[in-house]
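Here is a short tour of a protein model, written to be read alongside the coordinates. Please have the viewer open as you go.

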Amino acid sequence: LAYAVAQPHPDLATMGRILVLYHSNDGNTEAMSELVAEGAAGIPGHEIRRRSCDEATHEDVRWADGIACGGPTNLGGIAWRMKKFWDEFAADNWGKCDGKFFVVFSSQGGHGGGAEHTCQAMTTVLENFGWMHCPVTDYVSPIHTLHYGACVAKMPRNEEDKAVCRRLGLRLAEWVAVFVDGRKSLHPLLTTKRADAVAEEHYRAVKAAKKAGLPPPPPPDAGAKPDIPDWNPHNAVHVVVVKEVPEGAQADWLGMAEKLAMATWREQGCLKYNFIRSSASPTRFVINEEWESQAHLDAHFETPHFKDLVPKMDAISCTVSIDVCHDALARYAPRVAPGSVPHKEEAISGPVKA
């Protein structure tokens, strides 16, 4: 079998892999790294490793789809151990590992101590590998944000500092889920940022009520909290359709197949939608689909492109079989490698806490 229509993304059988890499002199940045990993674990299905730059290997970096890199601010810049790690990694890996996503974080001696400079410096280093920085535009409180990275004075003690770290890890995990795993329903505009907009509207309403001498409005209901789908890969629905397409009709059929695939790949919940040509028969094609849930597949059947194109394609082809299937093995269970999350071989799981 060979692909009959160009594919937009690779096989998505395995979920994204995230490395939280840190250096810590006094335990402050290590505490941040624990919270960053906790935030990343808010997206189900990822494998997460947390490593200090003293124990991490270059293979850990090559393994990762997304990297959260953090360290203390030393004299307004990157700690030498972290810089040394990347200098040595570059010797054998520069130009060979493009396309990863990253975020940065730093602890500092006090507010205004240079942590944003350190984050910008680490961004410059990581961009040299062809990796994509994921700035975070969110406000975790009316006066706490992390545009250039998560920055904390000493230890993350208060809830705002902790929320900044968790949100950084969560956002990295969201982008890995969207662009590596193809799980478009986890786009931040559909989840965390939508909840933030509700919270911001409530904050402004409270201020307006106070100014007018009125009682404050009630807080947003539970539905305004970040709606992270409780995705379970065992619930994914696979569809395998076998078609016979006469050679004289294949140009028209494949033309419609390309339009159908391009539109379907953009649907929420579509993990895979491949048209495959048989190498054993010149007229046999296989359509291989994977959906996050039955509800997403049902919604696909109601889309305008499905209703328009599928009847036309069926009119010039013959359906041999249609199988709706579910995963038969445990291979899609969230992967936790020995010695991975977070430090000292502890596992991370559970909902987002910020």
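What follows covers the overall make-up, one helix pair and two loop residues.

This is a predicted model, in which local features need pLDDT of at least 70 and side-chain atom pairs count only at pLDDT 80 or more, while totals for chains, interfaces and linings use all residues. Residues are numbered from 1 along each chain as its sequence is written, and side-chain values use heavy atoms, with hydrogens and water left out.

The protein has 9 helices and 14 strands, taken as DSSP runs (helices H or I, at least four residues; strands E, at least two) numbered from the N terminus. Of its 354 residues, 49% count as buried, that is, under 20% relative accessible area with a 1.4 Å probe, protein chains only.

Now to the helix pair. The axes of helix 1 (residues 28-40) and helix 5 (residues 159-179) come within 6 Å and cross at roughly 45°; these axes are lines fitted to C-alpha atoms over the stretch in contact, with angles from 0 to 180 degrees between N-to-C directions. That makes helix 1 oblique to helix 5, a term for angles outside the roughly parallel (under 35 degrees), roughly antiparallel (over 145) and roughly perpendicular (65 to 115) ranges.

Two residues other than glycine have positive phi values:

| Residue | Phi | Loop | Relative accessibility |
|---|---|---|---|
| Leu75 | near 50° | between strand 4 (66-74) and strand 5 (77-78) | 94%, exposed |
| Lys154 | near 60° | between strand 10 (150-153) and helix 5 | 41%, partly exposed |

Here exposed means over 50%, and partly exposed lies between that and buried.
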